[in-house]
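This report describes a predicted model. It takes up the pockets, then a metal site, then the nonpolar cores.

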Amino acid sequence: MTKRKIAVLVLAAGEGKRMKSARAKAMHPLAGRPMIAHVMASVARLKPDRVVAVIGRGMDDVARVVRMHATSRDGHPHPVVVQHPRLGTAHAVRAAKKALAGFAGAVLVLYGDTPLVRAATLRAMLKALRAPARPDRGATFNARGDSPARPAVVVLGFRPADPAAYGRLVVGPDGNLERIVETRDASPAERAIPLCNAGAMAFDGAGLFGLLAGIKNDNAKREYYLTDAVAAARRLGRACAVVEADEAEVMGVNSRAELARAERAVQQELRARALARGATLRDPETVWFSFDTRLGRDVTVGPNVVFGPGVRVGDEVEIRGFCHIEGATIARGAVVGPFARLRPGARIGPNAHVGNFVEIKNAVLGSGAKANHLAYIGDARVGAKANIGAGTITCNYDGVAKHFTDIGAGAFIGSNAALVAPVKIGARAIIGAGSVIAKNVGADALAFARAKQREVKGWAARRRRAAKGNKKKMR
Ligand code: UD1
Ligand code: CA
């Protein structure tokens, strides 16, 4: 048997009213990237033959993210369909009919607000679509390969702690999924059903639009519900099956509270993964990862560290507490923090040290270089083993443009130096503390630029005496 083709529809046209936001719901981020990007990444792992995203009018940012993840096997961008007006999930699928023209494989419909669903779970759904729904009964197949026992629809189900607003899966006495009822339309008995609709459905593509054709909007929301496809399939005598997943994976995000809950779930997973791969997290619950954070072996991360997108950490790095790190690379054996901030383009060399209240942006810190306290290093190169004193500032911005500071290997920058870029400090040069350096300094030179020190003998004592005299007079 040849492998069955797979098409994936991602529904993301909903306004997300409950988010109370100016942005599209699908653009709200989890672990450093928009929800829709999470969905698209899982979809890509299935290597589908077609992917169609259904978005709302004016959701250009959503379309952009979809396209970013949109390399179909033949290299064409995936189609993005605009659904307008929005009349429900079945209506959204119908909007993609043209984009699916001529397709007769399995169609997986995913919701853009169920961002954490895993590729493995989706694969299990596709497998269930090929298998007899009731293996105990065996299956009989006709010439097309259809079987009354082979499901026309496979629904992803779960048992949430609080079924709240999820659709309930009504399963008949023979174990067949009979229909899905939305909470608003459910009877008290139906509301008591613990098994809910996670919001992913797999269809036999050949029959999909036939099932949708009969769906009406005679329900509480006056919408065309995709979930009604189950009852439609049952009316045709076709089986419908359920694949179950964990709540943490399939919780829907409709509000800020649910977004926060999903963030917690994804963070738990990322923490567990970091630990499993050989990192020490001193207090895992307080470390915040990005979807793409990469930690080497024997990395130690202290409490309250936040990783933004694009961070790579080499083996044996120590990141102490309260660091904020984004778009940065940290090489083997480096020590960062506590209280360090690494911004995009920071590249910390092997065994380098970045201490408290040091900010590094778009700068390379060479092997074994040190910036241990209170410094700003931006748009710069710091050579190997150079030492950046406390309070050093690279003055990279003149109000118009950014300029580069080049600090040679082994240079010693005294405390509270302002290096006015563009400027070059030669290898092994020494900069006197408190200097404002606006001209290049040669290798092995000493440069300082500060007012000469004066000392006035006895001045302090005289001033104190004068002050006392004044106080007596005032009494
Ligand atoms: C939906 C399901 C419910 C399930 C829940 C899981 C239906 C009718 N209900 O409810 O059974 O338990 O998800 O989270 O499907 N969308 C469009 N166009 C539309 C309407 C919605 O593209 O016209 C998209 C939304 O952007 C969203 C998804 O479809 O990504 C689901 O829509 P939403 O309104 O959030 O449905 P729920 O009420 O959460
Ligand atoms: Ca939803």
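The lining of the largest pocket is made up of 11 nonpolar, 15 polar and 11 charged residues. This pocket has a volume of about 1200 Å³. Its lining counts 37 residues, and those closest to the centre are Arg18, Lys25, Asp113, Lys221 and Asn254. Strand 1 (6-12), helix 3 (89-95) and strand 10 (196-204) each give two or more residues to the lining. Strand 10 provides the largest share, 3 residues.

In the second largest pocket, Arg33, Ser42, Arg45, Glu269 and Arg273 lie nearest the centre. At least two lining residues come from each of helix 1 (35-45), helix 4 and helix 9. The table sets out the two pockets.

| Pocket | Volume | Lining residues | Classes in the lining |
|---|---|---|---|
| Largest pocket | about 1200 Å³ | 37 residues | 11 nonpolar, 15 polar, 11 charged |
| Second largest pocket | about 460 Å³ | 17 residues | 9 nonpolar, 2 polar, 6 charged |

Asp113 and Asn254 also belong to a metal site: Asp113 (OD) and Asn254 (OD1) coordinate the calcium ion (ligand 2) at 2.2 to 2.4 Å. The two residues are 141 residues apart, with Asp113 in the loop between strand 6 (106-111) and helix 4 (119-130), and Asn254 in the loop between helix 8 (247-250) and helix 9 (256-276). Both Asp113 and Asn254 are buried.

The largest nonpolar core has 105 residues, and Ile36, Phe307, Ile319, Ile330, Leu342, Ile360 and Ile425 touch the most other members. A second, separate core of 40 residues includes Leu11, Ala90, Ala92 and Ala232. Beyond its neighbours within four places in sequence, Leu342 has contacts that include His324, Glu326, Ile330, Val354 and Ile360.

Terms used
Residues numbered from 1 in each chain as written. Chains lettered and ligands numbered in written order. Predicted model: local features only at pLDDT ≥ 70, side-chain atom pairs only at ≥ 80, totals over all residues. Heavy atoms only, no water. Core = buried A, V, L, I, M, F, W, Y, C linked by side-chain atoms within 4.5 Å. Buried < 20%, exposed > 50% of the residue type's maximum accessible area, 1.4 Å probe, protein only. Contact = heavy atoms within 4.5 Å. Donors = N, O, S within 2.8 Å, 3.2 Å for Na, K, Ca; no water. Helix = DSSP H or I, 4+ residues; strand = E, 2+ residues; numbered from the N terminus. 1 Å grid on protein atoms, 1.4 Å probe; cavity = no way out; pocket = protein on both sides within 12 Å on 5 of 7 lines; lining within 4 Å. Points joined across faces, edges and corners; volume = space filled by probe spheres on them. Nonpolar A, V, L, I, M, F, W, Y, C, P; charged D, E, K, R; others polar.
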